[in-house]
Structure formats: structure tokens, C-alpha cells
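This report goes through selected features of one structure, from its ring pairs to its strands. Please keep the sequence and the model at hand while reading.

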Amino acid sequence: MAKRVRTVSFYEVVRAKDDYNPRMDEVPWQQALEEMSSKPWEERRFVTPDGDRYIGEAVFASDAMHLIVGRIGSGELQTVDLVHGHIEDLRLDGNLGFVDTTTICFLGYGNIIGIMGSSQASPRSTAIQHWMNSCGLTSEDVALWPVISQDVWTKLKNANAVHNFEFTFRPNPAFMPPDSASIFGFKQASDRYPDHRITFKVEVPKRGQITSRARGHRRLQEDAMHFMSELGYLVGPSGIERARALVTLPTGDGHVKEEALDFLKHHVTAKKRVEVRSPEDARPRYTVAVEAILEAAREHAGDLRGAVSG
């Protein structure tokens, strides 16, 4: 059986509009998914202002309910005859369409979810977040934070100053994040340097007016927080190889210290080899993703629980 490598990324579901108390009480996700499973399809669909269409469905596998969010495609797919080499359009009946799916498993603690996409075009964390809010999976608006060591995330959030932030990536022609995904302009750089390793670094000068430097520190902190909230979206397909910041932190004795933060080192993800399903296999395709996510969750249980404890 052929296998492909897929990335499992873990996120914490938090309040979207509460910077001071984002962490929520544990949500009864199984109950929410049960209720979602009985909703008509119109209430499980979300359309972006740009016309991208997403639909969600609650499914049962491995003794629990899980969520599938799919991006409905244009239907312009083609097939190849592996015997004769003919390329033809793939046509479906009028009531069927193509969809790229992401499987989401809700772990039993800390409002943590594990997600795994079926392809480069599958919905990522931002789309899943929009779908959850638009389709009412919870009673309040939520955001998805990548599960990073709580200590590292807290240091970035509470830093007195962020002096510099840098990341390195290799362009992936199969997928590029939308322009709004980051302040750093992935698309423009990738179009010009498609075969290069690209490093972006933003640094606040150590000299200059105090007010200007303070404003620069604040803006860079905001942008680094935004980038980190998209890290799970970016790290897999766009080949992020480095994401670091130099910050000034308060100490317990009333002084300050500088510290370098390495975010990739502390972002909880896992590479899993999953089977490419054969036409003869009668199991739903998402069962493979569920098994891989739950296996990754067991392997990283200590890190995941530690990141949301306290």
C-alpha cells in the first residue's frame, strides 16, 4: 500500500475577542458535534467574500465524533489513463462536486484540536476558524492558536519590547499563502525567487527617538503575534525553516533581560505516513486521518497537556 507524508498540527481553541482572558472553559465538543450532525447542509456551509465555499460535516470514527471541513472546488479536474496515457476531463453528475478536506479531531482536554489536510488545497487553520464561527459550532467567536510551549507564547505576549523578528522559508510552487496571511509578502518574493531560500528580518534600530522606537517595538510585537497565530498555516506547505525573535523580558527582581525565542522548536506538529486508499477499501477516507491525528496526539500528550496547563 502506497503511503504519503502528511503533517498533523495542533491548535488550541480560544476566545477570539478577549486578549486578557482568551482561554475558555472546556467545551463539550462531542455534544456540539452531535448537534452539528443534525443540521441541514445550508447551515453547515460558509462562503467567503471572495467566493470560496466551505462545508463542514460531523463524522464518527474511533469511538468519537470528529469534524471534516471541505473546500468546494471548481470541478476542473482531469484524469489520466495509466495504460494508454490519455488525459481527459473528469466529469461528475450534476449533484456532485469536488472537495478538498481537512480532518479535525477534538482531544479530550484543554480545547485542543489536531488537524490534517488531505492535499495542499485543503482548508487550513484560518478557514477552519472562520467556518467554526460562521456555522455556530460554539456559542461565542473563537480563534485557533497554534499549540506552542505556553512559556514561549507568554514571553512573546508579555515582552517589554520585540527588537527583531525573522523567518526563513523556501517557496513552494504548489501552494502559497494568500497575501493577507502575513505582513511579509510571500507571493512577491516567491514569484521573483522561486528556487531560493528566502529570509525576512525586521529589526527596530537601537538608536533614534524613544517614542519612535517604542512604536516600532509595539508594532513588531503585534506583527509577530499575528505571524505566530498563522504558524500552523504556514509551516507545512510554504516550507518555513526558521521563526525567531529577540525580546526584552521582565524578570522577577524588577530588572529586564534579553532572550532569543525559537518558535518552530516549540510548535507541536508531527509528520505521519498515511496510506493512500485503494478503491477496494470500503472505509471512509477520513478514518486514516483520524487514526494519524490520534496517534500523533498520544505521542505528544506531554507537550500538549503542558502547553495548556496552568
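How many aromatic pairs does the count come to? In this predicted model, the count comes to 6 aromatic pairs.

## Aromatic pairs and a charge over a ring

One aromatic pair is formed by F46 and Y54, whose rings are stacked, with 6.4 Å from centre to centre and 25 degrees between the planes. F46 counts as buried because its relative accessible area is 15%, under the cut-off of 20%, and Y54 is likewise buried, with a relative accessible area of 9%. The rings of F167 and F169 form a stacked pair as well, because their centres are 5.8 Å apart and their planes stand at 25 degrees, an angle under the 30 degrees that stacking requires.

Both F167 and F169 are buried, and ring pairs join these two residues with F200 in a cluster. A contact of another kind involves the ring of Y109, over which the charged end of R305 sits at 3.9 Å from the ring centre.

## The surroundings of E241

E241 belongs to strand β12, which covers residues 240-250. Is E241 buried, exposed or partly exposed? With a relative accessible area of 38%, E241 is partly exposed, because this value falls between the 20% that bounds the buried class and the 50% above which a residue is exposed.

In sequence, E241 and F167 are 74 residues apart, whereas in space the distance from C-alpha to C-alpha is 7.2 Å. When residues up to four places away in sequence are not counted, E241 touches T168, F169, R170, R197 and L264; one of these, F169, is the buried residue whose ring is stacked with that of F167.

## The open sheet around β12

Strand β12 is part of an open sheet of 4 strands, which follow one another in the order β11-β10-β12-β13 with antiparallel pairing. At the edges stand β11 (198-203) and β13 (256-262), and because each has a single partner strand, one side of each is left without a neighbour in the sheet. From one strand to the next, the twist averages 10 degrees.

The antiparallel pairing of β12 with β13 extends over 7 bridges, and L246 stands opposite A260 of β13. Helix α3, made up of residues 150-158, lies across β10 (161-169), β12 and β13, and runs at about 125 degrees to β13.

## Strand β4 and its partners

Which strands pair with β4? Strand β3 (residues 53-61) pairs with β4 in the antiparallel sense over 9 bridges, and strand β7 (residues 99-106) also pairs with β4 in the antiparallel sense, over 6 bridges. Strand β4 itself, which spans residues 64-72, is mostly covered, since 7 of its 9 residues are buried.

Individual residues can be placed within these pairings: I55 stands opposite G70 in β4, while the bridge partner of I72 is V99 in β7. Strands β3 and β4 form a hairpin with 2 residues between them, and in the turn S62 has a positive phi of about 55 degrees.

Definitions and conventions:
Residues numbered from 1 in each chain as written. Predicted model: local features only at pLDDT ≥ 70, side-chain atom pairs only at ≥ 80, totals over all residues. Heavy atoms only, no water. Phe/Tyr/Trp six-rings, centres within 6.5 Å; stacked < 30°, edge-to-face > 60°. Buried < 20%, exposed > 50% of the residue type's maximum accessible area, 1.4 Å probe, protein only. Lys NZ or Arg CZ within 6 Å of the ring centre and 35° of its normal. Contact = heavy atoms within 4.5 Å. Pairing = 2+ DSSP bridges. Axes fitted to C-alpha atoms, helices over the stretch in contact; angles between N-to-C directions.
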